[in-house]
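Good morning, and thank you for coming. I should like to take you through one structure, strand by strand and then residue by residue.

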Amino acid sequence: MKVYTSAQMREREQAAVDAGSSFEQLMENAGQAAAADLLRRCSQAGRVLVVCGKGNNGGDGLVMARVLQQHGWQVEVLWVLGESLSELASLNRERLLALPDVQFVALQDWLARAVQPDYDVIIEGIFGTGFAGALPDAVVQVCEVLNGLAGLKVALDMPTGLNGDTAATSQVVFDADITYAFAAWKPAHLSAAGERWCGEKVCLDIGID
């Protein structure tokens, strides 16, 4: 069983790139692997909310959005921290723009809805393993709403609000039913405190030694 801290994970990602892969390919591998596992669990297409931050954790979610759309899902993408994204997340956003059944929504528009629609699946890709400290107020508000919604809740690599290295929690934590760990477990996945928020844990191969 491989267990990497966030710093060790960055080192292994860089090593994979140095050996001939690319950060784009690793993101594609992560999103494809998570989507494949999710599709095995869901017998029919439905409605999915993909909640994205600005970084590559959100990019993983955007890859999943593309795969799910190709399998007949209706996709809604929520921008929690604005639309100024990392380079790779921006690339995967562009790949969604021309696809049908994909809707993009800004945070204030989403929060202003009197009633949120029924989502079959909620995919959370706000911070991943890079989180430490206190969450921004907007993220706290979103996680509180998400935790109150029905639907299967999926965290990418680490539920937002949970520190992957220490299992310390912020003022709110996304309460996942499934957490997809990419390439290796992180220390919080294996701690009693972390397991409270991770739900079922699945470690996925994304092409990192």
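Let me begin with strand β6, in what is a predicted model. Ile178, Tyr180 and Phe182 point one way from β6, while Thr179 and Ala181 point the other way, and all of them are buried. The strand is accordingly described as mostly covered, with 5 of its 5 residues buried. The threshold behind that word is a relative accessible area under 20%.

Which strands does β6 join through bridges? On one side there is β5, residues 152–156, which runs parallel to β6, residues 178–182, and is joined to it by 3 bridges. Two of the pairings can be named: valine 154 has isoleucine 178 of β6 as its bridge partner, and alanine 155 has threonine 179. β6 is also joined to β7, again in parallel, by 5 bridges. Here isoleucine 178 takes part once more, with glutamate 200 in β7 as its bridge partner.

These strands belong to a wider arrangement. An open sheet is formed by 7 strands in the order β3-β2-β1-β4-β5-β6-β7, with parallel pairing. β3 (102–106) and β7 (200–204) each have a single partner strand, and therefore stand at the edges with one side lacking a neighbour in the sheet. On average, neighbouring strands of this sheet are turned by 20 degrees against each other, direction ignored. As general background, the strands of a sheet pair through backbone hydrogen bonds, in either a parallel or an antiparallel manner.

Next, two backbone angles. Most residues other than glycine have a negative phi. Alanine 183 is not a glycine, yet its phi is positive, at about 75 degrees. Alanine 183 sits in the loop between β6 and α7 (192–198). Its relative accessible area is 8%, so alanine 183 is buried. Aspartate 101 also has a positive phi, near 65 degrees, and is located in the loop between α4 and β3. With a relative accessible area of 49%, aspartate 101 counts as partly exposed; the exposed class requires over 50%.

I turn now to two glutamates in helices. Is glutamate 28 buried or exposed? Glutamate 28, a residue of helix α2, has 17% relative accessibility and so counts as buried. Its side chain makes a polar contact of 2.8 Å with the side chain of glutamine 32, and another polar contact of 2.8 Å links the side chains of glutamate 28 and arginine 66.

Glutamate 87 belongs to helix α4, residues 87–94. Glutamate 87 has a relative accessible area of 71% and is therefore exposed. Along the chain, glutamate 87 and glutamate 24 are 63 residues apart, while their C-alpha atoms are separated by 9.5 Å.

Finally, the pocket. The largest pocket holds about 430 Å³ of space. It is lined by 19 residues, and those closest to its centre are Glu13, Asn56, Asn57, Asp60 and Thr129. Which helices supply at least two residues of this lining? Among the contributors at that level are α1 (6–18), α2 (23–41) and α3 (56–70). Sorted by class, the lining comprises 9 nonpolar, 6 polar and 4 charged residues.

To close, I return to the starting point: every residue of β6 is buried, 5 of 5, and bridges join β6 to β5 and to β7. Thank you; I am glad to take questions.

Key. Residues numbered from 1 in each chain as written. Predicted model: local features only at pLDDT ≥ 70, side-chain atom pairs only at ≥ 80, totals over all residues. Heavy atoms only, no water. 1 Å grid on protein atoms, 1.4 Å probe; cavity = no way out; pocket = protein on both sides within 12 Å on 5 of 7 lines; lining within 4 Å. Points joined across faces, edges and corners; volume = space filled by probe spheres on them. Helix = DSSP H or I, 4+ residues; strand = E, 2+ residues; numbered from the N terminus. Nonpolar A, V, L, I, M, F, W, Y, C, P; charged D, E, K, R; others polar. Pairing = 2+ DSSP bridges. Axes fitted to C-alpha atoms, helices over the stretch in contact; angles between N-to-C directions. Buried < 20%, exposed > 50% of the residue type's maximum accessible area, 1.4 Å probe, protein only. Polar contact = N/O pair within 3.5 Å; in protein donor to acceptor, adjacent residues only side chain to side chain.
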